[in-house]
Amino acid sequence: MYIDFHKYNYELVPSQKVDQFKQRDQESYKSLLRRWFDENLDEIVDRKWEIEEIHYLKNISDFIKLVREGEQLFEFGFYTGCISLIGVASEDFCRYISGQLGKPEYENLTQFNRLKNLKSDGLISNATYSLLDSIRKIRNDCLHYNQNFKQKDISELRSDAIKVLNNIKNTLKRMLGESEVDFQSNLTTVISEIGSNEGTRNKDEIAIKVKNAISHLLNFPVAFDPNSKFQIRTSVFEILEIDADYDEISLKDLISEIPVIVEFPKKEREYYQDKELNTRDKVSATLISMIDQNGLTGEWTIIDINKI
């Protein structure tokens, strides 16, 4: 049985009251979704960590939109939809590389023949062929919805979905991914793209992706130990700028050459004003920052500062 009673029969409601009924029902549905999300959050995150990463691709086409949506479907447990989209993405990717590799005549072939010809021509390796052909077979089972596919339980569907998803991501990494030699030179471009990328949900995710990108591209441990709650730093600085109201002060660490914007504690601003600090002064200062949920330092605050 398929049950599809998501909306009330608004024909039973006086016309002037319909919008109020709809608004109440929509708020109720929002509450249902929040509860469902909270109850399933651990499983959603666990599935996210099963998905392999490409890191970044310079050359892409529309197939990447399908890969991104397929990944989101897997995260939320919609395995059949994931398999279907990744199958389409795989075919679109193969048409794309056929054109890129000088074989546009392969674009109109079936996926079976397209893959066979690409392998015969030596344009894809045996390993890549196996990854893509596996996607084709699983996708065909799903597309034709044959008896074997219908009989699969949720664990088998999940296994199929993560297999096709990781197969396509491994293929993209093999054929379009960048080498480690290029990582550092592309860091600025990658960081700037993170903020404008349609796959980034909000500002909090930008911070997470920047942290992770730096850890991979520079092989630099930017995140602090999960047991660390705060960081204290004492060094010699040059004052770059001071707010007129003593809200913030901009400093440049003379040892690391790294600039930092620091807040004055509100209750102690008069104390710091009495120090008569000026731009370009050299100072010794002790700063403190709390470690946020991403393992990064947050806003820095002054513990003390003195002219040298």
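This tour moves through a predicted model, from its helical core to its aromatic pairs, its barrel and one further helix.

**Largest nonpolar core.** Select F63, F74, I83, I86, F93, I168 and L172. Within the largest nonpolar core, which has 34 residues, these touch the most other members. Now colour helices α2 (63-75), α3 (79-100), α4 (111-120), α5 (126-144) and α7 (154-176), since each supplies at least two residues of this core. The largest contribution is that of α3, with 9 residues.

Centre the view on I168. Apart from neighbours within four places in sequence, I168 is in contact with V67, I86, S90, L132 and I135.

**Second core.** Next select I239, L251, L277 and W300. They are among the 17 residues of a second core, separate from the one before.

**Aromatic pairs.** The count of aromatic pairs comes to 10. Show W36 and F76: their ring centres are 6.4 Å apart and their planes are at 15°, under the 30 degrees limit, so this pair is stacked. W36 belongs to helix α1 (residues 18-48) and F76 to the loop between α2 and α3, so the pair ties together parts 40 residues apart in sequence. Both residues are partly exposed, W36 at 34% relative accessibility and F76 at 28%.

Move to F63 and Y96. Here the ring centres are 5.4 Å apart and the planes lie at 55°, so the pair is tilted. F63 in helix α2 and Y96 in helix α3 are 33 residues apart, and the pair links these distant parts of the chain. F63, already selected as a core residue, is buried at 1% relative accessibility.

For a group of rings, select Y246, F264, Y271 and Y272, which ring pairs link into a cluster.

**Barrel.** Switch to cartoon and follow the strands in the order β1-β2-β3-β5-β4: these 5 strands close into a barrel with mixed pairing. On average, neighbouring strands of this sheet are turned by 55° against each other, direction ignored. Zoom in on β4 (residues 282-291) and β5 (residues 297-307), which run antiparallel and are joined by 8 bridges. To find one bridge, pick I291, whose partner in β5 is T297.

**Helix α9.** Finish at residues 187-196, helix α9, and show L187, V190 and I194, which are buried. These three cover an arc of only 65° around the axis, which puts them on the same side of α9. Residues three or four places apart in an α-helix point the same way, because a turn takes 3.6 residues. Rotate to the face turned away from the buried side of α9 to see the exposed residues T188 and S196.

Note on methods: Residues numbered from 1 in each chain as written. Predicted model: local features only at pLDDT ≥ 70, side-chain atom pairs only at ≥ 80, totals over all residues. Heavy atoms only, no water. Buried < 20%, exposed > 50% of the residue type's maximum accessible area, 1.4 Å probe, protein only. Helix = DSSP H or I, 4+ residues; strand = E, 2+ residues; numbered from the N terminus. Arc of directions from axis to C-beta. Pairing = 2+ DSSP bridges. Axes fitted to C-alpha atoms, helices over the stretch in contact; angles between N-to-C directions. Core = buried A, V, L, I, M, F, W, Y, C linked by side-chain atoms within 4.5 Å. Contact = heavy atoms within 4.5 Å. Phe/Tyr/Trp six-rings, centres within 6.5 Å; stacked < 30°, edge-to-face > 60°.
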